[in-house]
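These are my notebook entries on one protein chain. I open the model and look things up one topic at a time.

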Amino acid sequence: MMTNEENELLCRIEGDAPMGQLMRRHWLPICLAEEVSEPDCDPVRARILGEDLVVFRDSKGRVGVMDERCPHRGASLFYGRNEECGLRCLYHGWKMDVDGKVLEMVSEPASSDLPNKVRHRAYQTKEWAGMVWGYMGPQDQVPEFVPPPWAPDEQVRVSIAKVIVPCNWAQILEGNIDSSHSSSLHSSDMVAARVGGGQATDKKWLRPSTDKAPRLQVEHTSYGFRYAAIRRPITNADETDYIRSTVFIAPSSALIPPNNRYNVANFNVPIDDTHTVFYFMAWGNPLTTPDTEAWRRFLGQSVGSDLDPLYRPYRNVENRFWQDRQAMRAGNFTGIKGFPNQDLAMWISLGPIADRTSKGETLAAGDLAVVEFRRVMLEAVRDFQAGKPAIGTGSGHVGTSVCSFQGIFPKKTDWRACEVHPVTGTEAV
């Protein structure tokens, strides 16, 4: 069990909180590229690690991420004019470029040297895989951007669903890496079937096992850990095991076991201590990976029908996540449509920040990955406080060859030694 002090250390990310400072040593998604799709388009707000930001694309197509508050009097730049390669504050007309350089101070005398003395806080950015990334650590120590394993090159299709979740990042991450819950919570959407491995249809994910109590095994890595959930398969259970291996990439993302058509990953970006941006990605061969709109429909995460224009879900505690009790009586396990919505209901039901002390939970054998996540991240943040590099940075960075996997293997197979590769889509043929 964790102490309250440990829970605070794990969860708090605002201001000078050690975990937030650790996260600032990583490139993080700031928003979707589609939110600032055109030069001189409307700026958008983003709140990351408790900091209010404004994002805009300038006249040359460059993306800027900067402090939302104008350096002059603190008015919001979200209302500003995006024009002629800069964002102009409405209050007094100060204009900043994507690097935070003050281009104009129309309210100052032409002879003033003040523009050369003021620099607005801006962060270096990178566009990759449909996201605008930012490095929010020290701007004189910005590391090279390295593509994540779920978007290793520009030929891969990456389809992303984005949801704003009103709870702490850590309880979402714990749900993402917890393989054992999928056999119960998602049992009506991840359906047991006599198949040779995990498969995807347009409406369901199929898996070759009815085993709800997997055996879990963990392997430590420099970037986090990976683990296997080992289940009895439906057929040939005396000679084979069904293995699903998940990868946790510190500080806040995971590679989820794939199906025969595409790979799956997620990234959890703390907005503040009690809100998180949850990104859920399908990626792989463009011929077999669903496009963005199809992916969002499949998940029940489409803007307009499921989410408001700010990516906040219409399903919530007050309307019981649109749970259909009649459907439950007819055989649907949760009565909640779309397995991410089933997750959201559980994450949010834990409260803004889950109580991980002995008063709040009772851990069991199926929680091995959750326990390992807590151990790894508490050790990592304490090492960071002691002056060591942030976990998963430098030589400890995850490689693009790392991937999750699933399949039926002969018993006594050492899953750690399996030669695995991302799904290419040919498995679906």
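**Entry 1: the start of the annotated domain**

How many bridges join E1 to strand E10, and do they run parallel or antiparallel? I count five bridges between E1 and E10 (residues 131–135), and the two strands run antiparallel. I keep in mind that this is a predicted model.

I look for one matched pair. Tryptophan 27 in E1 has tyrosine 135 of E10 as its bridge partner. Next I check how covered E1 is. Strand E1 spans residues 27–32, and six of its six residues are buried.

I then look up the record. The unreviewed UniProt entry has an annotation, "domain: Rieske", over residues 27–134. Over that stretch I find 0% helix and 42% strand. The C-alpha atoms at its two ends are 6 Å apart.

I follow the chain past E10. Proline 138 sits in the loop between E10 and strand E11 (157–165). Is proline 138 buried or partly exposed? Its relative accessibility is 24%, so it counts as partly exposed. I also check its distance to tyrosine 123. Their C-alpha atoms are 9.1 Å apart, with the two positions 15 residues apart along the chain.

**Entry 2: strand E4 and its partners**

I move to E4, residues 63–67. Why is E4 described as largely enclosed? Five of its five residues are buried, so the rest of the structure largely encloses it.

Which strands pair with E4? Strand E3 (residues 51–57) does, antiparallel, over five bridges. Leucine 53 has aspartate 67 in E4 as its bridge partner. E3 and E4 form a hairpin, with five residues between them. In that turn, glycine 61 has a positive phi of about 90°.

Strand E9 (residues 122–128) also pairs with E4, antiparallel, over two bridges. Here valine 65 stands opposite tyrosine 123 in E9. I met tyrosine 123 in my distance check with proline 138.

I add a reminder for myself. Strands of a sheet pair through backbone hydrogen bonds, either parallel or antiparallel.

**Entry 3: a four-strand sheet**

What is the strand order in the open sheet of four strands? I read it as E5-E6-E7-E8, with antiparallel pairing. Strand E5 (81–83) and strand E8 (102–104) are the edge strands, each pairing on one side only.

I zoom in on one pairing. Strand E7 (residues 95–96) and E8 are joined by two bridges and run antiparallel. Lysine 95 stands opposite glutamate 104 in E8.

**Entry 4: cysteines**

I search the whole structure for disulfides and find zero. A disulfide is a covalent bond between the sulfur atoms of two cysteines. I check two cysteines to see why.

How far is the sulfur of cysteine 89 from the closest cysteine sulfur? That sulfur belongs to cysteine 70 and is 3.9 Å away, too far for a bond. The cut-off is within 2.5 Å. Cysteine 89 is buried, with a relative accessible area of 4%.

For cysteine 418, the closest cysteine sulfur is in cysteine 403, at 11 Å, so this is also too far for a bond. Cysteine 418 counts as buried, at 17% relative accessibility.

**Entry 5: cavities**

Now I look for enclosed space. Rolling a probe the size of a water molecule over the atoms shows where empty space is left. I find three cavities of 30 Å³ or more.

The largest cavity holds about 230 Å³ of space. Its lining has 22 residues, and Asn176, His181, Met190, Ile256 and Asp343 lie nearest its centre. Among the elements that give two or more residues are helix H3 (169–177), strand E17 (240–249) and helix H7 (339–349). H7 gives the most, with four residues. By class, the lining has ten nonpolar, eight polar and four charged residues.

How much space lies in the second largest cavity? I note about 110 Å³. It is lined by 13 residues, with Gly198, Trp205, Leu206, Arg244 and Pro258 nearest its centre. E14 and E17 are the elements that give two or more residues to this lining. The largest share comes from E14, with three residues. I sort this lining into seven nonpolar, four polar and two charged residues.

Technical notes: Residues numbered from 1 in each chain as written. Predicted model: local features only at pLDDT ≥ 70, side-chain atom pairs only at ≥ 80, totals over all residues. Heavy atoms only, no water. UniProt positions renumbered as here; feature names shortened; annotations may be inferred. Buried < 20%, exposed > 50% of the residue type's maximum accessible area, 1.4 Å probe, protein only. Pairing = 2+ DSSP bridges. 1 Å grid on protein atoms, 1.4 Å probe; cavity = no way out; pocket = protein on both sides within 12 Å on 5 of 7 lines; lining within 4 Å. Points joined across faces, edges and corners; volume = space filled by probe spheres on them. Nonpolar A, V, L, I, M, F, W, Y, C, P; charged D, E, K, R; others polar.
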